[in-house]
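Q: Please take a close look at the strands of this model and how they are arranged into sheets. I should also like to read about the surroundings of the ligand.

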Amino acid sequence: MYNTWEKRLLQRKESASLRKLSINASETDFLSNDYLGMARNKVFHKMMLETIQSDPKILAGSTGSRLISGHSAEVHETESILAQKHRTESALLFTSGYAANLTLFSCLPQRQDTIIVDEYIHRSVHDGCVMSKAIKWKFRHNNLEDLEAKLKRARGLCFVAVESLYSMEGDFAPLTEIAKLTDKYGASLIVDEAHAFGVFGYGLVHQLGLQNSVFATLITYGKAMGSHGAALLCSKLIKTYLINFGSPFIYSTALPDLIWRQIRMGYEFLDNHPALASNLRHNIRLFRTQQVPTISGTDSPIQSLIVPDNKQLLNLRNSLSEKGLQTYAVFSPTVKLGTERLRICLHTFNQKNDILLLTQSIKSSLDL
Ligand SMILES: Cc1ncc(COP(=O)(O)O)c(C=O)c1O
């Protein structure tokens, strides 16, 4: 048995794709999902500290699942505010985006139903589908013809899952067109906004006014908000169903009130500091003028550069790291074999000199 695990680890080592935990280095951050710098924002931290001092009971542990002792006025109020802000019927908060996707996909689609996912959908959706008895099909990334062909063949209730901004590609789903298709075939569209929320206001579903065509939207708070947790925006009926049948929601301890309060205050902070997103847009534009051949969207804070040779990819990442620039090398199976890539995340706080050093170093290292 040990032999199997050792063999698999050895294979990873030999293909230069062995994963390791490493302590967060103090290099220039082109790696984290802290797009707006909220996780390190001293003004926001000070506000949080003042809140804790004036209301220290929010530090208490939640003491249980939300169905037992872990529900509170704080989380209840936060959910009402979220539903109002996003203009949806209701919101349900979760410990993480992973738990939210697991809950949604494991318990809503039934044996006779069909789930159609973009081939690059996040792993949490796939894992949720594994827990469901419904059939799952993949459609080619952002390909409307392939999606429509699959919608025509679907049986039972049909669920379509996409990300508004893809985490590994850094490109956008054609949301309006997808929503038209799901409307046409009576399918339920589920949009994961983990990477779009905060960077694009309250997310692209909200910005495009697609709430009525979207069955459920996932917002996560560990990325642009720099906090933790996630919300599913959905109808009251679906919220009640998830509370009753969603095992990852039911059988797990809730987050403490501190996090729910931080989420509420985070919304206020983002509303009052639009410069965080506009400075990020400025940095994205600067990066794009340097013409690094990424596969990503022009306006995206995630810029991915395909480097299919694992050793070359590691060398590139390491050479950037030697210059104090922290980026992320993404290997198979996280991405398809042959599409390994350097994932670069741009932030509000990145400095012009660092962005130029990054782009010039990539170009000279790859002879571009
Ligand atoms: C697209 C997408 N959905 C869901 C998640 C899970 O969110 P969380 O980190 O809050 O568990 C992630 C996290 O990386 C993600 O990228």
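A: In this predicted model, three strands make up an open sheet, and their order is β9-β12-β11. The pairing within this sheet is antiparallel. Its edge strands are β9, covering residues 302-306, and β11, covering 328-330. Each of these two edge strands pairs on one side only. From one strand to the next, the twist averages 30 degrees.

One pairing in this sheet may be followed down to individual residues. Strand β12 comprises residues 341-345, and β9 pairs with β12 in the antiparallel sense over five bridges. Ile302 has Cys345 of β12 as its bridge partner. As a general point, the strands of a sheet pair through backbone hydrogen bonds, and the pairing may be either parallel or antiparallel.

A further open sheet contains seven strands, in the order β2-β8-β7-β6-β5-β3-β4. Here the pairing is mixed. The edges are occupied by β2 (90-94) and β4 (135-139); each has a single partner strand, so one side of each is left without a neighbour in the sheet. Neighbouring strands of this seven-stranded sheet are turned against each other by 20 degrees on average, with direction ignored.

The edge strand β2 can be examined in the manner used above for β9. Its pairing with strand β8, which spans residues 230-234, is antiparallel and extends over five bridges. Within this pair, Leu93 stands opposite Ala231 of β8.

The ligand is the remaining topic. The ligand sits in the largest pocket, and there are 13 residues around it. Among these residues, the ones that come nearest are Gly97, Tyr98, Asp192, His195 and Lys223. Helix α4, which runs over residues 97-107, supplies the largest share of the shell around the ligand, namely three residues.

Several polar contacts may be described atom by atom. An oxygen atom of the ligand lies 2.7 Å from a backbone N or O atom of Gly97. In the case of Asp192, an N or O atom of the side chain is 2.6 Å from a nitrogen atom of the ligand. For Lys223, a polar side-chain atom lies 2.8 Å from an oxygen atom of the ligand. Taken alone, the ligand exposes 390 Å², and the protein buries 80% of that area.

How values were computed. Residues numbered from 1 in each chain as written. Predicted model: local features only at pLDDT ≥ 70, side-chain atom pairs only at ≥ 80, totals over all residues. Heavy atoms only, no water. Pairing = 2+ DSSP bridges. Helix = DSSP H or I, 4+ residues; strand = E, 2+ residues; numbered from the N terminus. Axes fitted to C-alpha atoms, helices over the stretch in contact; angles between N-to-C directions. Near = heavy atom within 4 Å. Polar contact = N/O pair within 3.5 Å; in protein donor to acceptor, adjacent residues only side chain to side chain. Areas by Shrake-Rupley, 256 points an atom, 1.4 Å probe, with all protein chains shown as cover. 1 Å grid on protein atoms, 1.4 Å probe; cavity = no way out; pocket = protein on both sides within 12 Å on 5 of 7 lines; lining within 4 Å. Sits in = over half its atoms within 2 Å of the grid points.
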